[in-house]
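Dear colleague,

Please find below the sequence and structure that I am handing over to you. My notes on what was found follow directly after.

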Amino acid sequence: MSLVYIRLLINRGLPTCIVRLLAVLYTSSQVRVLWAGLVSDYFPISNGVKQGGVISPVLFCVYMDDLLLRLSSAGVGCYLGLNFVGALAYADDIVLLAPTPYAMRNLLQICETYAAEFDISFNPDKSKCLVIPAHKRRHLYRAMCNCFFFIGNSRIENVDSFSHLGHIITSSMDDTADIQQRRNSFIGQTNNVLCFFNKLNTSVKLQLFKSYCCSFYGSELWSLDNIHMDNICVAWRKAIRRILQLPYNCHSYLLPILSDTLPIFDDICKRSMRFIANCVASPSHLVKSLSWHCIFLWKAKINYWV
């Protein structure tokens, strides 16, 4: 634990005795490696927070909070109304959103300055640049992709799609790639259940199927009118027939009744509505504002088409 970090804890009003305890825990830590039954000598650890430690996420948030405050007070980046949304952080993942290349370079410069001051190293190999033009400016997409950005004197790779927190984000803001990936993952998980547990009782296989194959992580974010949603539904119906050992021509409307589940599309709609309700009721002012903005935008779009 560096002196700079200790100063951050003191500035937050943490009692001196707690700061001293944390300093001793992190400056006096020693570990050894166990490999093939052999144990190495002890050696000290003097960098980073302890992975898996209960207090580590809190300490890391304290370490990064000042960076987020600097980014939000810079006056550049994306805003939704009066809400700054130019820097979104989850654990050690930070997303910078900027309306122009100039604004993005200013945000990256702030990150570089903070990294030099607090001894942080940003990994340019894991950093990606994704250009998402407005629909009215799609003709500028190629020109904007020719803008290059750097961090730590290393160029950030430009990509057309990128997986963030398990959800694939594309330059066209389309959910097709994520839906297809979840479909393929679902089929693979179903095959694993049938491969290893095919001789078990049907009710047991059905319970395993529900527990290990039907998470559909991130489905709450999908656009429900995406034409590829039908691929998920078809794959789910085929999987239910295989789990219950039903003929391939068994009518679709019987499958939810026989498996005692909602149809997969109805289940995804239910998850989506629950997610929206949780966002609207969120204690975070930013999440709540974004949720209401999206709801009103969606209503306006419906009225426009009507």
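In these notes, a residue is called buried when its relative accessible area is under 20%, exposed when that area is over 50%, and partly exposed in between, using a 1.4 Å probe and protein chains only. Please bear in mind that this is a predicted model, in which local features need a pLDDT of at least 70 and side-chain atom pairs count only at pLDDT 80 or more, while totals for chains, interfaces and linings use all residues. Residues are numbered from 1 along each chain as its sequence is written, and side-chain values use heavy atoms, with hydrogens and water left out. Helices (H or I, at least four residues) and strands (E, at least two) are DSSP runs, numbered from the N terminus.

Salt bridges

Side chains of opposite charge can pair when their charged atoms come close. Counting a salt bridge as a side-chain nitrogen of Lys or Arg within 4 Å of a carboxyl oxygen of Asp or Glu, the model has five salt bridges. One of them joins Asp65 to Arg12, with 2.5 Å from N to O. Asp65 belongs to helix H3 (residues 56-72), whereas Arg12 sits in the loop between helix H1 (3-11) and helix H2 (16-27), so this pair ties together parts that are 53 residues apart in sequence. Both partners are partly exposed: Asp65 has a relative accessible area of 26%, and Arg12 one of 49%.

Helix H3 also holds the pair Arg70 and Asp66, whose side chains meet in a salt bridge at 3.1 Å, N to O. Because Arg70 and Asp66 are four residues apart in helix H3, about one helical turn separates them. Arg70 is partly exposed at 26%, and Asp66 is partly exposed at 24%. Together with Glu117, Asp66 and Arg70 are linked in a network of salt bridges.

A further salt bridge is found between Arg271 and Asp267, where the closest N and O atoms are 3.0 Å apart. Arg271 and Asp267 both lie in helix H10 (residues 264-280), four residues apart, or about one turn of the helix. Arg271 counts as buried, at 14% relative accessibility.

Helix H4

Helix H4 covers residues 101-118. The expected span of a helix is 1.5 Å times one less than its number of residues; for the 18 residues of H4 this gives 26 Å, and the end C-alpha atoms are indeed 26 Å apart. The buried residues of H4 are Ala103, Met104, Leu107, Leu108, Ile110, Cys111, Tyr114, Ala115 and Phe118. Viewed down the axis of H4, these buried residues fall within an arc of 150°, so they line one face of the helix; the arc is that of the directions from the helix axis to the C-beta atoms. Tyr102 and Ala116, on the other side of H4, are exposed. Asp119 follows H4 and has a positive phi, near 60°.

Cysteines

A disulfide is taken here as a pair of cysteine sulfur atoms within 2.5 Å, and by this rule the count is zero. Cys111 is in no disulfide, the nearest cysteine sulfur being that of Cys129, 13 Å away. Cys111 is buried, with a relative accessible area of 4%. What keeps Cys195 from a bond with the closest cysteine sulfur? That sulfur, in Cys213, is 12 Å from the sulfur of Cys195, which is too far for a bond. Cys195 itself is exposed, at 58% relative accessibility.

Surface patch and loops

Val33, Trp35, Phe43 and Ile45 form a nonpolar patch on the surface, with about 420 Å² of accessible area together. Patches are made of residues with over 30% relative accessible area and no salt bridge, like charges being joined within 9 Å and nonpolar side chains (Val, Leu, Ile, Met, Phe, Trp, Tyr) within 5 Å. Accessible areas come from the Shrake-Rupley method with a 1.4 Å probe, and for residues only the protein chains shown count as cover. Trp35 is placed in strand E2 (residues 34-35) and is exposed, at 66% relative accessibility.

Two loop residues other than glycine have a positive phi. Gln245, with phi near 55°, lies in the loop between helix H8 (229-243) and helix H9 (255-259) and is exposed at 55%. Asp260, with phi of about 55°, is in the loop between H9 and H10 and is exposed at 65%.

With kind regards
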